[in-house]
Structures are given as structure tokens and as C-alpha cells.
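Let's take a walk through this structure together. Have the sequence and the 3D view open side by side as you read.

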Amino acid sequence: MPIDLGFKIARIDLSNCQVRVERLEADTFDLLIGGRGLAAKLLFEGQPAGADPLGPDNQLIFATGKLVGTPVPTAGQTTITSKSPATGLYFKSNTGGAWAKALRRAGWDAVVFTGVSERPVYVTIDDDQVEIHDAGELWGKTVRETEAWLHRELRGQGWDNATIGQAGENLVNFACVMTNLFHAAGRGGLGAVMGSKKLKAVSVRGTGKTPVADPTALRREIEAVLAKIDGTVKAKLYVDYGTSATVEYVNESWSMPVNNFQKSHIEDGHLISGSYLDEKRYMRKGSACSACPLGCHKYSEVRQGVFRGKSGGPEYETLAALGASLGINDVEAVLRGNELCNDYGMDTISAGGAVGWLLECVERGALPPGAAGDLDLSWGNGETMVELLHWIAHRQGIGDLLAEGTRIAAERTGGDSYQWAVQANGLEQSRVDTRVAKAYSLAFAVNPRGPDHLHAQPMAEFGHFPEARELVKRILGREEECTGTTLKGKPELVRWHEDMFALTDSLGICSFATTSSYIVSLESLALMVSAALGVEMSGEELLERGRRCVVLERCFNLREKPNRKDELPWRLMNEPISEGPLAGHVNSAQELGGLLRQYYRLQGYDLETGRPTRELLGRLELAEGVKGLDDWAQTLP
Amino acid sequence: MKKILLADMDKCNGCELCVDACSMSHGGFCSLSNSRIRILREEPTAQFAPLMCEQCGEHPCQDACPVKAIVFDPELSLLTVDPELCVACGDCVEACPYQGIFLGEETALKCDLCGGDPACAGLCHTGALRVVEVSPQTVASGLDRKQAKLHFIERNRHAH
């Protein structure tokens, strides 16, 4: 017997403090599964094209998948979806912790915020009771202070909070939403959307029950997944070091973005690596997200000196963004920067990207050496980085310009400064050098949010470990393409990873289980969906639902901006890697164009424009299932 | 051979897979209200203690029960709650120094080792929960852990 696959959604209009309950039938599950897929549908249907990201029409959607609340490994993810102020386009950002499980136990699949409150508020969801409260006392507080205040105010255990810090309040274009203190829905400025609505926190307590269709079968399959962890290279690294395990490898293979992607290797890079953090006891055991046996999220502490303090993390991206890509190998400065970003609620990748852009502008004379007062704006200065993070969060001095993100900052600065803004479509690129990772380059270009790794992380292309090679063989029928720089087979790899990622997000589990460490195979996922939800779908049928989500997100973007291009940052498309064994590689327009055409063909998109066709939308049953899509699709070829 | 569930606080990462595994195997749904194991969380230090029946030799829960609902199961060699007799007064919950017995919707909830193959330990990947056969060695190592847990419970008494 399947469990109830309908959706219960709370619609909260902050302009007039109204709460409405909406129910969707199980046919939405059959179309788009839930979580990210459900949110993509709600976003497309629920707001007009051209809505101001920071205005009342933009929706801020918190959604979670049907596996959350069951013991399926890593089923603890919240997907936050909105139109981003940084990109002006569709944006979903995931976060862990225990917030998603609380929401599901409280009986909700999604919460949709619209409107703009006149004064600061926070919202409590206590099982089926939704209330809006004054947050005057909370405004201006850091994430840590906000958590502490809520803990006192709400008294008692069992509340899980999603909050913003000052970065969100000050509408920094890369402000995060933080859940359970240290887990970030990091990218795209969704914290600024929350701040624009004057919504400081969403606190949830759920005491209900999550049904499971076949407990015995579910336990059997979960035990099979858990048994694979220790023998799986990447999963074991997550268990031992978290994502920081990758730093040394990337640096030693000369593909670390150093000095704003000018160089590919940092001297003494091991000083910012996971093993160094572990050895010197900066890194400690952390708090795992709900139902996660990997527990990749570590805590860290600097015990003495000017950078003293503790925080959650650091992740690979942070060590690269606040460290290597600014020429900094002082791990204590990076940990301090990480803590500030967590506490202000600010994305470390974009913050590091903005600081790197400023340093390069000064290096090349587009901005004067005194652009930030007395601060020394040369590469490798940890104190400067830390100081600038304060400035950005408070929009102080040049921090006000940096808070806009590098696309806008470069537009305002002019000259050649756009070349050093390592962004495309308004999003700063993840600290991944796509010039030597061709599947990544395609995945980043077609990612609806911009060039980063969180819509498809095709780690398999490097063939580093047996699980990766096995997957490549399975997708391509052969495994010789297991290097980053080959082009052959990459569109197929990207397509599989995109579909799998969307499916993963839609079920509420973590991509680290399915597409990064590959401990959960598609077959295993189908077995767990069957046992947990009582839904019989093959792996391929599940994957097709992921693909529907990918196509729908593309439609949202084309409705907003018909001339949006699948592209990569200027530097990566125009400047070859300058040093090391991989020197000379670039993501040229010609190379990327070739990959894109093959990908469009696979997807059934128009080969010239990359737009989905009406025929495709009909075949995927999206035209019928998503209100307004067919009308909009009249404009398509 | 008598079995016992051992909890190692140093290994627990707070994921609560055990909590969901327990309630799932005892009722077909996942819920804190139906679980015989819970996690005491100390977030700032990332320390977590699995709370469940320690099968102690003193059994204050049994002594506290006014209706004699906590009875010895000779087959499993442990104390279990007889749901027919239990009146859910909560006296056993108060009496347990390990906070290892809980008040469910209708009766007190106490670990029954799932009949010998505990679901919680089956889904614990960190090694924080292990089922061992009782021997002089396991009893000795269990004692140290119990002491550490009592200190942790005391430190977090107000949070619970």
C-alpha cells in the first residue's frame, strides 16, 4: 500500500499576515516527486514573469522530499527555491541539519512565503499551528545570537530554526539562509530574499509520525547501503574529513584556482588541507544532518591568537574560496573567515570571489590601492580578507560594492574589470577549474543557477575511484573517457548527473550519497522508494522525473530571460591555464559550443537556441501538469 | 547467551538513524513518540548520547513501578514492559538514572532488543551502538561508558 503521496503546503503572505493551507493530489508526486521538483512547479505557477526578486511577488519556497523522516540514509535535506537577486533567475539551494525532518514531522511538505512584512517577523510552525511573531528584538543579530534568542524564547527542546544574519538583512546579493546554526543554503542570495521580506527566522517543531510502507524491506536495503560506505573511497573521505579532504588532491594536480583563477597551484597548500586540519586538531567531529551516516559536516576551532573562535566547517569550497583563491594559506585566517560568513549568513564562494575580484582590480590598476582605506590589498593577506568580510556584511565602504556580487561590481567599475569577475549569469563560479574538467564545464554552463557544482557534480569524469569508473562504463558502455580533459562522452555524463541530482533533491536526500560518492545506486534508490513509500517505479522511471525538473527549471529561466546563454566566466573561456602540467587548457567558445550542441541533441532541445520544444514538453507531460507552461510554450519553436 | 546494547558517546554523530529505525520496527512508522532510544544532544560541542535501557543490575524502574508492569523475560534475559499492565504513570521514567525509559502514547517504552536483533544497531554506521554478548570484558567496558554517560546527563539535565 502506498503511503499518502499528496502534498500539504502552507502559504504565508507576509504583507497581510495571512496563512492558507493548500493540498495537492498525488499526481504531482507522479509528475515531479516533491522537494525540488515540487518547488520548481510552485515557482513557475505562482509568480508572474519579471517579478522583483526582492519584492512582494517573489516566492520563497522551503520544500522537502517524501523520504525525509524515514531512515533512508542522508534523507534530511531542505530545498529552498526562489528567484535570485544575484542572477534574476530560478534558484534552488539545499541545506542540511534537522530542519527538513522537523517540517515533515509537523506534517508539511512545503512552506511558501510571499509578500513583504512591514516590520521584522519570525514564523513558528508547531505541528499544524503556524504563527507570525514580532522579531524587532532579533533584527541586527548574528545567526548565532538569533539561534540563542530563539532557544530562550521558545523554551524547550525540539525546535529547529532557519535563520538569516546581518548579510540577509542588508540584502547582500550572496546572503545565505542558515539552518541549525551551521548548515547553509549558501548560494544565490536567498538570505537576501528572506531579508527583503523582513523574515528573520522560521522555527519548526514536529511531533508527528512518518509512515513507512514496508519496514522490513526498508531496513534490509538500508543495511546494504551502509555496508558499502567503508569500502567506498569518496564516502570514507567524507566520514573522516568531510569535503576538506579534496584540497590537497586538487592543489597537487595543479587545478586549484589560485589568485582569482590566475594560477593553478598554491605553495604549501597542505596548510589548508583537511589532513592538516585534522593533524593539528583544528577539526573536530561535527553534528551529522538527520539520517546521515556520513556526517561530513565537521566543526573547527582556533584556540588562540587573533583568529580565535569556533564554527561549523570548513568545507572544501571555503578553504579554496577564502584561502587559495586569495593566495592565502594561513588556515587560521580562513577558519575565522568561515566563522564570520556562517555568523553573518553569507556565501563563502561568492564572498571569496568578490574579494578576489577587488584584489585583482587593484593589482591591474582598475581600482586604486586605497580602494579599501588602509587595508593592504595584495594577495595572501588573511587579515584583509577577514576585515573585508565585515565590510561586505554591513555594506561598509567598498563592501557596499562587493555586496552586489562581481557582475554588478564590474559593471559599475567598468574598464576590463569584467574579465576578473569569475562569474557567469551573475553567479560566482565554484572553486573548480572547469578548464581541465570538461564534464564540469558543460554542467556549469547549463546549470540554471550559474556556474557551480550543485545541479550536477560529474565527479565520475576523473575516474579516480572504482565506483566512478563503474558508473562511466554504465552510462557510456565503455570506460576509457575517465579523464577530465577528454571531451568524448561528457554530454551523456552530464545529463545523467543532472537527472540524478534533481531526483535526489526531489526525494529529500543528499547528493553526496547518490552522485558524489555513488554509494546509493539508482537500483538501490528504487528499492528504498518502493519500501519506504510503496511506490513501484524503476530506476529509469525515477530518473525521468528528475529530468522533468531539469527541463521545467530551464523553462522558468527562458520565461524570465529569453536570451539567457549557457556560458562560463570570461576568464575561463578566454585565458588558458598558465602554468603546470595542465597549462594551455581553456573552455573556448568553440569547445563549449560543441559540447552544448551534443547536450541539446540528447535533451531534445532546439540545437541553435537550446530551448525545449513544445513537443518535448508534451512528451514529458509537463505541458499538462504545470499550469501556464503550455501557454508560455506557444512562443517556442 | 545474554546480549546487551552498548552505546559509545564518542562515536555518535547525532544522525538519529537509530531513533527512526527503532520506531519503524516497533510500529511501522517513524516517530520520536514511539521510539525506545533517543539522543541527548549538546550541539555546541557536537556531543551526543544515545539514551536507552542500559540493562543495569539495579533495575530501579522495576522497583518504582506501582503496578508491577516491568517484568523479566526469561527468553531474552531482560526486563520488558507489559503493555497490558502498564498505566503510563511515568514513575519508571523518573526512576531511571540513564534516562533510558520513555513515556509513549499509551505505555512506557523500554528497549526490548527487538527480540535479539536490534534495529537501531543495525542502522548505526558510526559504531556508536553495538550489540555484544555479556562477558567480564564487555561488562567492564560498559561500566566506563555508563559513568561517562551519567556525567553527560548531569551536565545537560536542564536541557532535557
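Start with the surface of chain B: about 7,400 Å² is exposed, and carbon and sulfur atoms supply 54% of that area (areas come from the Shrake-Rupley method with a 1.4 Å probe, and for residues only the protein chains shown count as cover). Before going further, please note that this is a predicted model, in which local features need pLDDT of at least 70 and side-chain atom pairs count only at pLDDT 80 or more, while totals for chains, interfaces and linings use all residues. Residues are numbered from 1 along each chain as its sequence is written, chains are lettered from A and ligands numbered from 1 in the order in which they are written, and side-chain values use heavy atoms, with hydrogens and water left out.

Staying with chain B, you can count five helices and nine strands (DSSP runs, H or I of at least four residues for helices and E of at least two for strands, numbered from the N terminus). From the N terminus on, their order is β-α-β-β-β-α-β-β-α-β-β-α-β-α. The radius of gyration of chain B is 15 Å, close to the 15 Å that the globule rule gives for 160 residues, so this chain is as compact as a globular protein of that length (the radius is taken over C-alpha atoms, and the rule is 2.2 Å times the number of residues to the power 0.38). Along the principal axes, the C-alpha trace of chain B spans about 40 × 35 × 30 Å. Of its 160 residues, 51% count as buried (under 20% relative accessible area, with exposed over 50% and partly exposed in between, using a 1.4 Å probe and protein chains only).

One buried residue of chain B is Gln99(B), with a relative accessible area of 14%. Gln99(B) sits in the loop between helix H3 (91-95) and strand E7 (102-103), and has a positive phi of about 50° although it is not a glycine.

Now turn to the interior. The largest nonpolar core has 109 residues, and Leu218(A) is among those with the most contacts inside it (such a core is a set of buried Ala, Val, Leu, Ile, Met, Phe, Trp, Tyr and Cys residues joined through side-chain atoms within 4.5 Å). Its largest share, nine residues, comes from helix H22 (residues 539-560) of chain A. Leaving aside residues up to four places away in sequence, Leu218(A) touches residues including Val72(A), Met528(A) and Met24(B) (contact means heavy atoms within 4.5 Å).
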